[in-house]
Amino acid sequence: MSTLSLSPLRFSAQEITAVVELYASNPEYCRAADEYDPDDVRPDQVESDLREESGTDGCEVLLARDEQNTVIGLISLLHQHPKDGHPWIGMLIVHGAMQRRGLGRQLAASIEDRFRAASQDDLRLCVFESMPSSLAFWTALGWQEIRRGATNEHGRPVIVLQKTLT
């Protein structure tokens with residue numbers, strides 16, 4: 001199993017370039033989120049969006065790196081959702097070329113461990129209904145559907161999942 005590290009996004013040009021490549025390598029996600037054109041992911045838009053997200057109270061944007069210090073993923077965590085008070089995984093995305101190697105599972109377990117260590121009882125996330133592969137990934141890790149709804153920003157249909165951490 002690979003040794004992965006998590007570190008805060010620092011917004012260097014190199015990091016933004018890596019995140020642009022990460023998004024572009026996941027065209028299914030880009031189409032589902034409808035925020036980026038997978039054929040033309042703009043660095044300025046990525047940086048602006050991530051700066052806004054990281055500036056949100058209680059939000060943490062992390063880069064996942066492998067042993068060679070290569071960015072292989074991006075994680076966004078919300079320590080307390082303003083509407084339900086629960087901690088959330090806002091995003092966990094692994095570079096398309098690195099998928100199906102257990103890295104997503106490893107990152108998910110690392111996040112769960114972080115929240116367990118912070119004495120959180122559960123953790124939530126949502127997946128786009130249009131991405132059954134994401135739903136299959138999370139349910140295989142023991143996450144359970146608690147409701148269906150729509151994203152606040154764009155009204156896209158989502159499935160809200162929760163995992164008990166205790």
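Strands here are DSSP runs of at least two residues in state E, and they are numbered from the N terminus. With that in hand, start the tour. The model on screen is predicted.

**Stop 1: a loop with an unusual residue**

Select Asn 69. Its place is in the loop between strand 2 (59-65) and strand 3. Check the backbone angle phi. For Asn 69 phi is positive, about 70°, although the residue is not a glycine.

**Stop 2: into strand 3**

Move on to Ser 76. This residue lies in strand 3, which covers residues 71-78. Is Ser 76 buried or exposed? Ser 76 counts as buried, because its relative accessibility is 4% and the cut-off for buried is under 20%.

Now show what surrounds Ser 76. Leave out residues up to four places away in sequence. Ser 76 then touches Glu 53, Cys 59, Glu 60 and Val 61. Ser 76 also touches Trp 88, Ile 89, Gly 90 and Met 91.

**Stop 3: the cysteines**

One of the contacts of Ser 76 is Cys 59, so select that residue next. Cys 59 is buried, with a relative accessible area of 16%. Then pick Cys 126. At 35% relative accessibility, Cys 126 counts as partly exposed.

A disulfide is a covalent bond between the sulfur atoms of two cysteines. How many disulfides does a search of the whole structure find? The search finds 0. Draw a distance line to see why for Cys 59: the closest cysteine sulfur, in Cys 126, is 13 Å from the sulfur of Cys 59, too far for a bond. Start from the other end. For the sulfur of Cys 126, the closest cysteine sulfur is in Cys 59, at 13 Å, and that is too far for a bond.

**Stop 4: helix 4**

Select residues 103-117. This is helix 4, and Gly 104 is found in it. Gly 104 is buried, with a relative accessible area of 13%. Show the contacts of Gly 104, again without residues up to four places away in sequence. They are Leu 92, Val 94 and Phe 137.

Add Asn 26 to the view. Gly 104 and Asn 26 are 78 residues apart in sequence. In space, their C-alpha atoms are 14 Å apart.

**Stop 5: the loop after helix 4**

Go to Ser 119. This residue lies in the loop between helix 4 and strand 5 (122-128). Ser 119 has a positive phi, near 60°, and is a residue other than glycine. Ser 119 is exposed, with a relative accessible area of 62%.

**Stop 6: the whole chain**

Zoom out and color by secondary structure. The chain has 5 helices and 7 strands. From the N terminus on, their order is β-α-α-α-β-β-β-α-β-α-β-β.

Rotate the model. Along its principal axes the C-alpha trace spans about 40 × 35 × 30 Å. A compact globule of 166 residues would have a radius of gyration near 15 Å, and the chain agrees, with 15 Å.

Turn on the surface. The chain exposes about 8900 Å². Carbon and sulfur atoms supply 46% of that area. Buried residues make up 44% of the 166 residues.

Look at contacts once more. Of those with a separation of 6 or more, 57% join residues 24 or more positions apart.

Last, color the charges. There are 16 positive and 25 negative charges in the chain. The mean positions of the two groups are 5 Å apart.

Methods:
Residues are numbered from 1 along each chain as its sequence is written. This is a predicted model: local features need pLDDT of at least 70, side-chain atom pairs count only at pLDDT 80 or more; totals for chains, interfaces and linings use all residues. Side-chain values use heavy atoms; hydrogens and water are left out. Helices (H or I, at least four residues) and strands (E, at least two) are DSSP runs, numbered from the N terminus. The radius of gyration is taken over C-alpha atoms; the globule rule is 2.2 Å times the number of residues to the power 0.38. Buried means under 20% relative accessible area, exposed over 50%, partly exposed in between (1.4 Å probe, protein chains only). Contact means heavy atoms within 4.5 Å. Accessible areas come from the Shrake-Rupley method with a 1.4 Å probe; for residues, only the protein chains shown count as cover. Lys and Arg count as positive and Asp and Glu as negative; His and the chain ends are not counted. The place of a charge is taken as NZ of Lys, CZ of Arg, CG of Asp or CD of Glu. A disulfide is a pair of cysteine sulfur atoms within 2.5 Å.
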